[in-house]
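Let's take a walk through this structure together, one region at a time. Please have the model open so that you can follow along.

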Amino acid sequence: MPKNLYKAVLGEADIPTHWYNIVPDFPTPPAPPLHPGTGQPLVPDDLTALFPMGLIEQEASAERWIEIPEPVREIYRLWRPSPLYRAFRLEQALGTKARIYYKYEGSSPVGSHKANSSVPQAYFNKIAGRTRLTTETGAGQWGAALAFAAEVFGLECDIWQVRSSFEGKPYRSAQMAVFGAKAVGSPSELTEVGRQLRLKFPDTSGSLGMAISEAIEEAAKDPNASYSLGSVLNLVLLHQTVIGQEVLVVVVVVCQGLGLWACSGSEFIF
Ligand SMILES: Cc1ncc(COP(=O)(O)O)c(C=O)c1O
């Protein structure tokens, strides 16, 4: 990379057309997730109460490249490609000879990378006919990202926000409300598990586990609802590969411009 590059900003034509699935790169396939009740590997039917088939297929896919639907790319266009910055001042502060680059995902409408997955998750729910999404949030970033995506595709969105975060960061639930979502402090009175937790731990500040339990209970009992989550699943990792793919495009464009290398993205060693 040239010494004086402060930031690289690609054009819209460089927004990836496919997500990259790392599963085919494993020497052996990853172990399947287990059913919490039976301890047996999950099968797609176990998941249909919580997720639409389009997302279950992605979760189970062994295909290397998975096409990004055009309506999702259209929303990605609001902030993608995201800029790649060089952290000159951090390098100076550390006194390192290494060059430090970072991909700035804060340019998304919700200020984080989480919209890279919330948008496709909302889209695949929409085309499956689901009308409502539930989720948990800790810091509030995932909740805000899902609220935004639900609004884009005209879905209702209910968010259980860890109580300490709900009380300490009211601007986060306000941000979710701006996108039309409803955030509630967890544990709440709205679910069976929430009521039990409040009885057992009246002073609890909440936890992600509690909030997850509430969001899952609510999705499981409403046939029109799905549960969404912003980490853990392979499909979330899949959606986030747009970031690395854009980095590779910058590397190729810059290097070819300098006449240094003729390389394709996947062959380049950074
Ligand atoms: C499953 C799950 N849900 C929610 C969160 C919280 O996300 P946020 O802090 O963006 O609200 C995390 C954070 O890692 C998570 O792993």
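The protein chain is assigned two domains, and both are built from separate stretches of the chain. Domain 1 takes in residues 7-21, 65-110 and 240-267, while domain 2 is made of 24-63 and 114-237. As you explore, keep in mind that this is a predicted model.

How far apart do the C-alpha centres of domain 1 and domain 2 lie? The distance between these centres is 28 Å. Where the domains meet, 13 residues of domain 1 are in contact with 17 residues of domain 2. On the side of domain 1 that touches domain 2, at least two residues come from strand 3 (65-67), and at least two from helix 3 (70-76). Helix 3 supplies the largest share of that side, with 4 residues. In character, this side of domain 1 has 10 nonpolar residues and 3 polar ones, and no charged residues.

Now let's turn to a sheet. Four strands form an open sheet in the order 8-7-6-9, and their pairing is parallel. Why is one side of strand 8 and of strand 9 left without a neighbour in the sheet? Strand 8 (182-186) and strand 9 (225-227) stand at the edges and each have a single partner strand, so one side of each stays free of a neighbour there. From one strand to the next, the twist averages 25°. As background, strands of a sheet pair through backbone hydrogen bonds, in either a parallel or an antiparallel way.

For a closer look at one pairing, find strand 6, which covers residues 132-137. Strand 6 pairs with strand 9 in the parallel sense, over 3 bridges. Within this part of the sheet, Leu133 stands opposite Ser226 of strand 9. Helix 10 (residues 208-221) packs on the sheet and touches strand 6, strand 7 (156-162), strand 8 and strand 9. The direction of helix 10 makes about 170° with that of strand 6.

Strand 6 also leads us to the ligand. Which residues come nearest to the ligand? Of the 14 residues around it, they are Thr137, Gly138, Ala139, Gln141 and Trp142. Strand 6 and helix 6 (141-152) are the elements that give two or more residues to this shell. Helix 6 gives the most, with 3 residues. Taken as a whole, the shell around the ligand divides into 7 polar, 5 nonpolar and 2 charged residues.

How values were computed. Residues are numbered from 1 along each chain as its sequence is written. This is a predicted model: local features need pLDDT of at least 70, side-chain atom pairs count only at pLDDT 80 or more; totals for chains, interfaces and linings use all residues. Two strands pair if DSSP finds at least two bridges between them. Axes are lines fitted to C-alpha atoms, for helices over the stretch in contact, and angles run from 0 to 180 degrees between N-to-C directions. Two residues are in contact if their C-beta atoms, placed from the backbone, lie within 7 Å. A residue is near a molecule or strand if its C-beta atom, placed from the backbone, lies within 6 Å of it. Ala, Val, Leu, Ile, Met, Phe, Trp, Tyr, Cys and Pro count as nonpolar, Asp, Glu, Lys and Arg as charged, and the others, Gly among them, as polar. Domain bounds come from an automatic or database domain assignment.
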